[in-house]
Amino acid sequence: MDIEQYMQQLGRQARAASRAMAKADGATRNRALTLIAAAIVRDADLLRAANRLDLDAARANGLAPALLERLTLSDGAIATMVEGLTQIVALADPVGEISGMKFRPSGIQVGQMRVPLGVIGIIYEARPNVTIDAAGLCIKSGNATILRGGSEAIHCNRALAKLVKEGLAGAGLPEDAVQVVDSTDRAAVGALITMPQYVDVIVPRGGKSLIARLMEEATVPMIKHLDGICHVYIDALADLDKALAIAFNAKCQRYSPCNAMETLLVARPVAAQVLPKLAALYATKQVELRADAEAHALLAGYPHLAAATEEDWRTEYLAAILSVKVVAGIDEAMDHIDRYSSKHTEAIVTEDYSAAMRFLREVDSSSVMVNASTRFADGFEYGLGAEIGISNDKLHARGPVGLEGLTSLKYVVFGHGEVRN
Ligand SMILES: NC(=O)C1=CN([C@@H]2O[C@H](COP(=O)(O)OP(=O)(O)OC[C@H]3O[C@@H](n4cnc5c(N)ncnc54)[C@H](OP(=O)(O)O)[C@@H]3O)[C@@H](O)[C@H]2O)C=CC1
Ligand SMILES: N[C@@H](CCC(=O)OP(=O)(O)O)C(=O)O
């Protein structure tokens, strides 16, 4: 069977399974999640062994340190997967919820019912926990899903897939409700994004290479969870302590997430005060600073300093690298963000209410923050329980996407024999 035939088979199986999932009651779906969590705890050593195979191969292939960290299925990551499933179980069941019932003059009663999207194709980075997060949210929301994770995580994803199928079967649900693509051939992605007869929506979590292919080939509708060229702007009226804490955390707490800061903008009146203090913090992590001329002069002597190029303002580093620019004030900051942002997450640090409100209103990104780290753009941090990703799109779902983003609303009408005049 070639990859196209294989993917067509997954599509047929997913479509069939989606009908059973849409009918399954909430307790049954929760049961599957509970069984999956128990299986993860039981087989943690098997998962670690599979992850070691992935890590050994990734190191041999020279994978960047930040992406190795992301690939690592640590004890904490295992615990977080289990905790995430437990939290998803505790979330209110969105499926079948009827809202907004109103009587019309005609006598009919109109409302809306929340229903699963159907079959969700998810293409994502080599982060093993996403396999469980995505499977958990899709099962909870009554969807079937085809998961195509990053190739570096293939062994761990295979092992996780077995546990998911065990949980589904144990709850009496179709094992094909969650199918992990068992191939690293990118042709599988090409097939997945061009089978609208089986797949209702594609959720791509990826960078520019994936975006280009999707734009070129996809015939299945998408909710794009794409690159994070995220900004922090330190305003002239910023609280210095908050500015230092936020700018350090947004870059250095973790380098790989799409919500990590990639460009720091500093208002000219405070640049001479802020930048040297920030440099001292970044130096503890050997962060490379790529600065425009004005910032470069204020950072003279910093050991990892380079001149920023036009390309730097458009680059998502996912590493200990940060581009830095001095701006006149909020207008130039928002102009820069409008030109270079991937419309993911931006933050302003300021004690000026009107500047804060202007930033919130005028910056066109999926999360806009005042005096908080961009790293908070996250489903769990936003109280969604978990996230399928962070959408850069505006239609259907924007920002961190949880359960509701995997459903849609259909109208329901109750009548007593009414007919239209
Ligand atoms: N908005 C969000 O929620 C998230 C966004 N991201 C973004 O994703 C990126 C993560 O980095 P990285 O892992 O390098 O992302 P990549 O885009 O390289 O990989 C993500 C997935 O897309 C696949 N892919 C990439 N290019 C192609 C292609 N041309 N054809 C088919 N499949 C392709 C990869 O397959 P393969 O493994 O075979 O390369 C992988 O499964 C960053 O830009 C990050 O910001 C990441 C997580 C969440
Ligand atoms: N929501 C996540 C970020 C999204 C994510 O998974 O990003 P990535 O590290 O690119 O796989 C977090 O805040 O950790």
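## A tour of two ligand sites

Select Cys-258 and ligand 2: a polar backbone atom of Cys-258 sits 3.4 Å from an oxygen atom of the ligand. Keep in mind throughout that this is a predicted model.

Stay on ligand 2 and add Glu-125. An N or O atom in the Glu-125 side chain is 2.3 Å from an oxygen atom of ligand 2. Next, pick Glu-387. Its side chain places an N or O atom 2.5 Å from a nitrogen atom of the ligand. On its own, ligand 2 has 370 Å² of accessible area, and the protein covers 88% of it.

Now show the whole shell around ligand 2. Arginines here include Arg-70, Arg-127, Arg-205, Arg-254 and Arg-375. Asp-378 is also in the shell. So is the run Ser-256, Pro-257, Cys-258 and Asn-259. Colour the shell by residue class: eight are charged, two polar and two nonpolar.

Move to ligand 1. Select its surroundings and 27 residues light up. Those that come nearest are Ser-151, Arg-186, Gly-207, Glu-316 and Ile-390. Colour by class again: this shell holds 10 polar, nine charged and eight nonpolar residues.

Zoom in on Ile-390. A polar backbone atom of Ile-390 lies 2.6 Å from an oxygen atom of ligand 1. Swing round to Arg-213, where an N or O atom of the side chain is 3.2 Å from a nitrogen atom of the ligand. Then take His-225. Here a backbone N or O atom is 3.4 Å from a nitrogen atom of ligand 1. Ligand 1 alone exposes 880 Å², and 87% of that is buried by the protein.

Switch to cartoon view. Which helix and which strand each supply at least two residues of the shell around ligand 1? They are helix H9, residues 208-217, and strand E14, residues 389-391. H9 gives the most, with three residues.

Finally, zoom out to the full protein. Count 14 helices and 16 strands. The radius of gyration is 23 Å, close to the 22 Å that the globule rule gives for 421 residues, so the protein is as compact as a globular protein of that length. Along the principal axes, the C-alpha atoms fill a box of roughly 70 × 65 × 40 Å.

Turn on the surface. The accessible area is about 17900 Å², and carbon and sulfur atoms account for 54% of it. Of the 421 residues, 53% count as buried. End with a contact map: among contacts between residues at least 6 apart in sequence, 71% join residues at least 24 apart.

Key. Residues are numbered from 1 along each chain as its sequence is written. Chains are lettered from A and ligands numbered from 1 in the order in which they are written. This is a predicted model: local features need pLDDT of at least 70, side-chain atom pairs count only at pLDDT 80 or more; totals for chains, interfaces and linings use all residues. Side-chain values use heavy atoms; hydrogens and water are left out. A residue is near a molecule or strand if one of its heavy atoms lies within 4 Å of it. A polar contact is a pair of N or O atoms within 3.5 Å; within protein, one must be able to donate a hydrogen and the other to accept it, and residues adjacent in sequence count only if both atoms are side-chain atoms. Accessible areas come from the Shrake-Rupley method with a 1.4 Å probe; for residues, only the protein chains shown count as cover. Helices (H or I, at least four residues) and strands (E, at least two) are DSSP runs, numbered from the N terminus. Ala, Val, Leu, Ile, Met, Phe, Trp, Tyr, Cys and Pro count as nonpolar, Asp, Glu, Lys and Arg as charged, and the others, Gly among them, as polar. The radius of gyration is taken over C-alpha atoms; the globule rule is 2.2 Å times the number of residues to the power 0.38. Buried means under 20% relative accessible area, exposed over 50%, partly exposed in between (1.4 Å probe, protein chains only). Contact means heavy atoms within 4.5 Å.
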